[in-house]
Amino acid sequence: MTIHYAALYPVFLRFIFLGALLSIFFYVFLRYIFQKDRTALYYGIYTLLLSVYFIFQFTAFPEFSFLVFDYRPLNVFFKGNLLNLVFIFYFFFASGFLDASKRYPRLDRFIMTVVRINLGIWCVGSALLFILPNSPVLPVFNKVEFLLILVLAILGTLAVTRFWSYLERFFVAGVSALILSALYNVYVHLFHIQWDTSPVFIDPAVMLILCVLIEQFTYAYAIVYKARMEKNKVAVLEKYWINELQTNKQLQNELQASMTKYQEQLESQIKERLAEIYRRDDELQEEKLQKRLEEYKRSALESELKALRTQINPHFLFNCMNILSSFVIRDLKEEALDFILKFSRLMRLVLENSSHHQVRIEKDIEALKLYVHLEAVRYDHTFKYKFDIDPELLSDDYHIPPLLLQPYVENAIHHGLGNKASGERRLNISLKLRHDNIVCEIFDNGVGREKANALKTSHPLNMHRSMGMKVTESRITLLRELSKGKASVDVIDLVGDNTGTVIRIILPVN
């Protein structure tokens, strides 16, 4: 008996191909189980369905006639309709592999919408296959599904080449093999090529097998490569974050040491001035003595005001570190870099501004905007905020004490909006120039002071009073004395539908 090895070649090729497909399926399935990678799940389903499709292609050989069903629609389903479902899942995999929803959301929404429409057509066509097997609509459905898949693959490939990273290179390499197979199949059937008698053309099924093998090994390697790149990215990000934390801690220690040194110098200067005033008390007339005492009082108040400003900094840094800790605990590693950069910029602004008695409104508002943004990140953007700054105030001629508004904004966020159980949360901050005064208003539609105090009472751990508010009230008191009563703070409780609080701070123009 003569063995026709040439006749067995297609069978061997298909067995090797199925072994490769099932090996890749088990690999990506295990990856999904242990790493919960949704991309691996979609690719595993795609590979499994592709394996089932090619298993039923063995019915072309007499030895595998047992795979033929007596019910004809089942044969048509597994040998034809299933292939369209295979490539529909391929698009779901491609979207996850390329992170398309983040990197090019518009293109991803368009392609996914068309893919879902195609999935709906496939479901209708498959149901119709079992209900009306001889319906003339079925070939139309199959061609529409196939053409939609082919057009989307070509358009998607052309579109992603604009973002030529390693992800796109792997994707284009894999999808190009599938597109080549599809175009070859269309060409052979469109021009009625007799591939079995031609020395140039090969069986479209063999071409599909070869192209799918190229695609499968390309994406299997790509998934491993992407995982390694993401692991390296996380390691670099963690290293950078640790370095930033160490730098920020060093800055905080230096600031604390500077504050302690300055307070010691301030106490020494006050003692020296008091001793000088007492020594000259008998030498000066009452009028001159009164005048010197007035000057001393003003100088002491200004010095104390500067000391209180330095106390704001550690408190402010402590709150920012709490925000950073909250962010890290939620394991949002990829967004951590953006947070650290904004946090570092905020710290530099705080350090720069705190060394001055007055700062430009533009610089203080920049720091305040960064702080509110970081608080919004901490609260998962559950509140909306808006800044309304008079353009004239942003010139160089207008200055305010640094970090004066921040504690009130912090109170509005933590105690007003933070305790609000439902509904829209809004925070509005406005600075207006009215005559010779700068009017600052901080509005929140939170629970109001009465309910916030009640919540503090019901939670003993929250009974402490904010150090930032104590220091800020002392600063306002000093500013009021230095400006002879022109500086003021009013707290307005809103009732009814507009429940919340308005803080109105009036500062004289220097």
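Which residues does T501 touch, not counting residues up to four places away in sequence? That is worked through in point 6, after a look at the chain as a whole. Here are my notes.

1. First, a caveat: this is a predicted model. The chain runs to 510 residues, and 43% of them count as buried. You'll find 14 helices and seven strands in it.

2. On the overall fold, take the contacts in the chain with a separation of 6 or more: residues 24 or more positions apart account for 72% of them. As for the outside, the accessible surface comes to about 28600 Å², and carbon and sulfur atoms make up 60% of that.

3. Now the largest pocket. It holds about 1200 Å³ of space. There are 36 residues lining the pocket, and Y53, L83, F146, N185 and H189 are the closest to its centre. Which helices build this lining, with at least two residues each? They are α2 (38-55), α3 (72-97), α6 (137-160), α7 (166-190) and α8 (204-280). Helix α7 gives the largest share, nine residues. By class, the pocket lining splits into 23 nonpolar, nine polar and four charged residues.

4. There are enclosed spaces to look at as well. The structure has four cavities of 30 Å³ or more, and the largest cavity has a volume of about 130 Å³. Its lining counts 15 residues, with A94, S95, L98, I111 and F171 nearest the centre. Helices α3, α5 (105-131) and α6 each put at least two residues into the lining of this cavity. Sorted by class, that lining has eleven nonpolar residues, three polar and one charged. If you are clicking through the model, α3 and α6 are worth colouring, since each also supplies at least two residues to the lining of the largest pocket.

5. While you're on α8, have a look at Y225, which sits in that helix. Is Y225 buried, partly exposed or exposed? Its relative accessible area is 22%, so Y225 falls in the partly exposed class, given that buried means under 20%. Leaving out residues up to four places away in sequence, Y225 touches Y166 and F170. Y225 is also 9.3 Å from L167, C-alpha to C-alpha, with the two positions 58 residues apart in sequence terms.

6. Back to T501. This residue lies in strand β7 (residues 500-508). Leaving out residues up to four places away in sequence, T501 touches I442, F443, D444, G448, R449, V491, I492, D493 and L494. Among those partners, I442, F443 and D444 fall within the range of strand β5 (437-444). T501 has a relative accessible area of 7%, so it counts as buried, the limit being under 20%.

7. S354 is found in helix α10 (residues 333-354). With 9% relative accessibility, S354 is buried. In space S354 is 6.2 Å from P402, C-alpha to C-alpha, although the two are 48 residues apart in sequence.

8. A few backbone angles deserve a second look. Most residues other than glycine have a negative phi. L403 goes the other way, with a positive phi near 60°, and H435 has a positive phi of about 60° too. Both are in loops: L403 between β3 (399-400) and α12 (406-417), H435 between β4 (426-434) and β5 (437-444). Buried or exposed, which is which? L403 is buried, at a relative accessible area of 7%, whereas H435 is exposed, at 78%.

9. Last, helix α11 (residues 361-378). How far does α11 reach from its first C-alpha to its last? The span is 25 Å over 18 residues, close to the 26 Å expected at 1.5 Å a residue. The helix is mostly covered, with 13 of its 18 residues buried. Following α11 comes D380, and its phi is positive, near 60°.

Methods:
Residues numbered from 1 in each chain as written. Predicted model: local features only at pLDDT ≥ 70, side-chain atom pairs only at ≥ 80, totals over all residues. Heavy atoms only, no water. 1 Å grid on protein atoms, 1.4 Å probe; cavity = no way out; pocket = protein on both sides within 12 Å on 5 of 7 lines; lining within 4 Å. Points joined across faces, edges and corners; volume = space filled by probe spheres on them. Helix = DSSP H or I, 4+ residues; strand = E, 2+ residues; numbered from the N terminus. Nonpolar A, V, L, I, M, F, W, Y, C, P; charged D, E, K, R; others polar. Buried < 20%, exposed > 50% of the residue type's maximum accessible area, 1.4 Å probe, protein only. Contact = heavy atoms within 4.5 Å. Areas by Shrake-Rupley, 256 points an atom, 1.4 Å probe, with all protein chains shown as cover. Expected span 1.5 Å × (residues − 1).
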